[in-house]
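Hi,

Here is the structure I promised to pass on. Have a look at it first, and then read on for what turned up.

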Amino acid sequence: MSNRLDMTRRGFLKVAGGVGTGLVIGCMMPVRNATAANGKESGAAKFSPNVFVQIDESGIVTITIPKPEIGQGVRTSLAMLVAEELNVDWKNVRIAQAPGDGQKYGSQSVGGSGSVRSLYTPLRQAGAVACLMLKMAAANRFGVSADQCVAENGSVRHGSNGQTFGYGELAAEAAKLSAPAPSEVRLKSPSEFRFIGKPTKRIDNADVVTGKAVYGIDARPEGAKVAVMARPRAFGGRFASYDADAARAVPGVTHVFEVGPNVAVVAQDTWSALKGREALKAQEPSSGGLDSETLRTRFREALTTPPTAPATVAKTVTADYELPYLSHLTMEPQNAVAHVSGDRCEIWAPTQIPDRAREQAARSLSIPVENVTFHVTLAGGGFGRRLSAEAVMEAVQISRQTNEPVQILWTRDDDMRHDNYRPATYHRMTGGVDASGKPVFWAHNLAVPGGGGRGQGGWSNAGIPYAIDAAYQQRVGVSAGVPTGAWRSVDATFLGYVIESFFDELAALGGKDPVELRLQTLRNPRLRRTLELCAERSSWGRRLDPGRGMGVACYSGFGSHCTQIAEVSTTATGKIKVEKVWAVMDCGVAVNPLGIEAQVQGATVDGVSCLFHAGNTLEGGGVKETNFFDFGWCSLAEGFPVDVLAVPDAEGIGGVGEPGYPAAAPSVANAVFMATGKRIRILPHRR
């Protein structure tokens, strides 16, 4: 890959010239100071060569982060990319959260483990341009060419005489310079990296742990009222009756009105709003509605007949796997603030889609998108839940009706019972091995609620990582009426569990060691390398005491490759304890190894939580669970060490947030089989 800018001079200058006029294309680099671009004398104390970098006269570098921080550490990783090429002193780096503005910052969506992947090159380019312009300013002072200057640690040094100027001293002069030609801007080679690949603590840790950080739920502008919604419990339901007068009689309640199928209660404070909602005594029509057992029957009836096994099959195994709906259960429930005033709107929200949410708000109000100011706050978890802008849209609708700033608050119960869930799935697995124990047949028959691209599909390539000649998958859609959406790792959240568990069943059927069999049949050499390293780090194959077991699973996706090996123990009463999990991740360029470690550890805990605790039950057309106590998650007492190794690879850059999830649960389940001889095919497995 060339280290030169991959951009034509015409396009480069067009983008540069757009600064100050509002015409900035995606994440391309505007390279001229805004003041200079407007044709005015700059003389500015601050140097802002593009939308991502600003340097003041004291040398403080402020890096604008275009993506929302939802706990994944993106503020730190993205800042490292700019700092790398800018050659700045890390202690002088500050960060600023970009507002929602897709025209200026390009796509700001956070999902699919794509933030660092999508901005890896653009942000490095932004830093490199700023660095070159600072070198050009220093070169003018020295009376030499820029290539005779060296930028390092926040200053520019004359390569021969050693004279040095700090970035702050050069900022104003650099701001007056014209854009350099693209061919003049060079990105570093990996051997030159100072920040990329270095374990780096999160840049915003201090603010988070001292309470200075502003989350969505903290953002309540002066005078803002609070709104809660009464929501029909059954999906698609409506209230048969409610008492709006009783709600209005509650002290502090100011408005009660319908918003779609829901009833909004607006009050001076949260307590009054909740008491007002309670006073509604909203009643739903009595109807049976869908329950989990009925859905299970629909799943089974939808399954089709698998293809005929090849003649080489000596032994077969068939097994059904069932995974439940899953709420995202973000630590911070859904919320947003909106203030609609005339043809303008101001919004504060924790979201994964600030640019799209802003556009949706503008459309709903029939006002220009430029009239919507969108403040992006920190988010207490995302996992795909905040890829929907429903809280933002509710706040906008309510504020438009009350003509005042309003914060919509979802309670924990609201969030649990009105989520966009990971779909429940039902899998009938049929496989076979030949006389030598080699897998030669694989049929995966999957029933899943339709919609969202998860509907009908014919028998096709199984999409498994293993070389099995006769391998098929069939997806069939089932009517359910439950809203679904992206959940951490998306389809891999259920496919990873079933595929890696069933491959273990084939290994047992053929009398093979599960690690050895994977090494013999894995097609991807990078995934195979993570397996080899993980087996070595966990001392796979060592002798274990009775009641202990080890299990393995691996996964490739989102541009990365991950293997996890788990060790479990069992008590005399059969209770299962996870002793340790080893994980090896190959995500290409490992920008921040500390961030990778944190992401994989978090994903592993999520996976184990879903194996043993979490799951939503349908009852009367709605979700039965309401909170952590009946949904379930791993407690601190169930904690276990997760040993993470990030394997750097020069081949591109992969995602990190999602790939650590799919192999976690099956590695533990396969360890349980080794320890107990029992397969876990229905989740959650209450241990």
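To get going: in which sense do strand 2 and strand 3 pair, and over how many bridges? Strand 2 (residues 53–55) and strand 3 pair in the antiparallel sense, with three bridges between them. Before you go further, keep in mind that this is a predicted model.

**Around strand 3**

One of the matches is easy to find: Q54 has T62 of strand 3 as its bridge partner. The two strands make a hairpin with five residues between them, and G59 in that turn has a positive phi of about 90°. On strand 3 you can also look for strand 4 (residues 93–97), which pairs with strand 3 in the parallel sense over five bridges. There, I65 has Q97 in strand 4 as its bridge partner. Strand 3 (residues 61–65) has four of its five residues buried, so the rest of the structure largely encloses it.

**Strands 17 and 19**

Here is another parallel case: strand 17 and strand 19 are joined by nine bridges. If you want a spot to zoom in on, V448 stands opposite G477 in strand 19. Strand 19 (residues 470–478) is mostly covered, with seven of its nine residues buried.

**Rings**

The count of aromatic pairs comes to 12. One of them is Y321 with Y497, an edge-to-face pair with 6.3 Å from centre to centre and 75° between the planes. This pair links distant parts of the chain: Y321 is in strand 11 (residues 315–323) and Y497 in helix 14 (residues 492–509), 176 residues apart. Y321 and Y497 are both buried.

Next comes W442 with F502, also described as edge-to-face, at 5.3 Å centre to centre and 70° between the planes. What does this pair tie together? W442 belongs to strand 17 (residues 439–449) and F502 to helix 14, so parts that are 60 residues apart in sequence are tied together. Both of these residues, W442 and F502, are buried.

There is a cluster to look at too: F235, Y325 and Y421 form one aromatic cluster. And some rings have a charge over them. The charged end of R141 sits over the ring of F165, 4.5 Å from its centre, while R231 lies over the face of W410 at 3.9 Å from the ring centre.

**The cores**

How many residues does the largest nonpolar core have? The number is 67, and the residues with the most contacts inside this core are W442, Y497, L611 and V668. Helix 14 gives the largest share of this core, 10 residues. As background, nonpolar side chains in soluble globular proteins tend to be buried together.

Try clicking on L611: leaving out neighbours within four places in sequence, its contacts are Y497, A665, V668, A669, I680, L683, P684 and H685. Apart from this core lies another one, of 56 residues, which includes I55, L81, V88 and L134.

**One histidine**

Last stop: is H328 buried or exposed? H328 is buried, because its relative accessible area is 4%, and buried means under 20%. You will find H328 in the loop between strand 11 and strand 12 (335–341). Its side chain reaches the backbone nitrogen of R385 at 3.4 Å. Not counting residues up to four places away in sequence, H328 touches G382, F383, G384, R385, D419, N420, A486 and W487.

Happy browsing!

Conventions. Residues numbered from 1 in each chain as written. Predicted model: local features only at pLDDT ≥ 70, side-chain atom pairs only at ≥ 80, totals over all residues. Heavy atoms only, no water. Phe/Tyr/Trp six-rings, centres within 6.5 Å; stacked < 30°, edge-to-face > 60°. Buried < 20%, exposed > 50% of the residue type's maximum accessible area, 1.4 Å probe, protein only. Lys NZ or Arg CZ within 6 Å of the ring centre and 35° of its normal. Pairing = 2+ DSSP bridges. Core = buried A, V, L, I, M, F, W, Y, C linked by side-chain atoms within 4.5 Å. Contact = heavy atoms within 4.5 Å. Polar contact = N/O pair within 3.5 Å; in protein donor to acceptor, adjacent residues only side chain to side chain.
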